[in-house]
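Hi everyone, thanks for making room for me today. Let me put the structure up, and then we can walk through it together.

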Amino acid sequence: MAHRLKDKVALVIGAGSVGPGWGNGKATAVLFAREGAKVFAVDQNLAAAEETMSIIAGEGGVVTAHQADVTKAAEVKALVQRCLETYGRIDILHNNVGITDDDMTAPRSTEEVWDRTMAVNLKSMMLTCKYVIPIMEKQGGGAIVNLSSISAIRHNGRPFIAYYTSKAGVLGFTRGVALDHAKAKIRCNAILPGMMNTPLMMEPAKKRMSGKEIEAWLRDRDSKVPIGRAGTGWDVAKVALFLASEDSDYVTGQGIVVDGGLTSKFA
């Protein structure tokens, strides 16, 4: 089996999962390790990062778990320094953290909700790039992969004004980073997941619906996707691997939609 990330160090932000199953960051961290990367797995929930670490270590991979709130500059600076001290370099930065606001239009939103959503979804990426890009510049290059959403380019029918805005901001940020640092051989791309059945979606659903209601909800989600099913964390992880590897060495500043054809539909 070809190890596309052999001898690479991957810093995965949001490498844990909010519940049972495979979130985007957890699947990506595990897939990176399977492809030969040394993984520095960061999550605000240390137990979640350690679960991912256990899976990778159990498969013979090289991994370190680290707890941090990536909306805080001091904690981001510290995690980047620890990653560098542990593995000596950073070749890949994967920014995966994200939250949604709670059914809010602009009139119903609050400064607290708006600021928190922007901090987690957008400011965190600025902070990780702030401290990682100088390291990549000294190394002679690197790959950055940011998680956006199809909500950056399509309204999903529910009022999540801060979420939509932050995810659109990720696209602008990604293009800016890509062009600002192209001559340094640093590539930066974004993934726009569509309707995904990850723990981030499933755990809230379990709290508001019965088992039968969830089954009906999942069937309805599947039926809306042209390819016939909602996505999984692994669908995102496989694209993240492509963007992190040399397979995409001529791809930068792009937003790759991963949605089973959902955004290609008229209705």
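Look at I191 to begin with: it stands opposite I256 in strand β7. That pairing belongs to a set of four bridges joining β6 to β7, residues 255-258, and the two strands run parallel. Please keep in mind that this is a predicted model.

Now, what stands opposite I191 in β5? It is L147. Strand β5, residues 142-147, is joined to β6 by six bridges, and these two run parallel as well. To get from β5 to β6, the chain passes through helix α5, residues 161-180, and this β-α-β crossover is right-handed.

So how covered is β6 itself? Strand β6 spans residues 186-193, and eight of its eight residues are buried. Here is a handy thing to remember: in a regular strand, side chains alternate between the two faces of the sheet. In β6, I186, C188, A190 and L192 point one way, while R187, N189, I191 and P193 point the other way. Both groups are buried.

Let's move to another strand, β3, residues 63-67. Why do we call β3 largely enclosed by the rest of the structure? Because four of its five residues are buried. Its partner is β2, residues 38-43, and the two pair in the parallel sense over five bridges. If you want a spot to click on, A41 stands opposite A65 in β3. The chain goes from β2 to β3 through helix α2, residues 46-58, in a right-handed β-α-β crossover.

Next, a helix. Helix α4 covers residues 111-139, which makes 29 residues. At 1.5 Å a residue, α4 should span 42 Å, and its end C-alpha atoms are 40 Å apart, so the two values agree. Where is the kink in α4 centred? On A119, with a bend of about 45 degrees. After α4 comes G140, and its phi is positive, near 100 degrees.

On the other side of α4, the loop between β4 (92-95) and α4 holds S109. Is S109 buried or exposed? Buried means under 20% relative accessible area. S109 has 16%, so it is buried. Beyond its neighbours within four places in sequence, S109 is in contact with M104, W114 and I161.

One more loop residue, and then we zoom out. V225 sits in the loop between α7 (211-224) and α8 (233-244). With a relative accessibility of 4%, V225 also counts as buried. Which residues does V225 contact, leaving aside those within four places in sequence? They are M195, A230, D259, G260 and L262. There is also a nice example here of chain folding back: V225 and G261 are 36 residues apart along the chain, yet their C-alpha atoms are separated by 6.6 Å.

Now the whole picture. The protein has eight helices and seven strands, and its C-alpha atoms fill a box of roughly 50 × 40 × 35 Å along the principal axes. How does that fit with a compact globule? For 267 residues, such a globule would have a radius of gyration near 18 Å, and the protein has 18 Å, so that agrees. Buried residues make up 50% of the 267. And of the contacts with a separation of 6 or more, 75% come from residues 24 or more positions apart.

That's my tour, thank you for listening!

Notes
Residues are numbered from 1 along each chain as its sequence is written. This is a predicted model: local features need pLDDT of at least 70, side-chain atom pairs count only at pLDDT 80 or more; totals for chains, interfaces and linings use all residues. Side-chain values use heavy atoms; hydrogens and water are left out. The expected span of a helix is 1.5 Å times one less than its number of residues. The bend at a residue is the angle between axes fitted to the seven residues ending there and the seven starting there. Buried means under 20% relative accessible area, exposed over 50%, partly exposed in between (1.4 Å probe, protein chains only). Two strands pair if DSSP finds at least two bridges between them. A crossover is right-handed if, with the strands pointing away from the viewer, the path from the first strand over the helix to the second runs clockwise. The radius of gyration is taken over C-alpha atoms; the globule rule is 2.2 Å times the number of residues to the power 0.38. Contact means heavy atoms within 4.5 Å.
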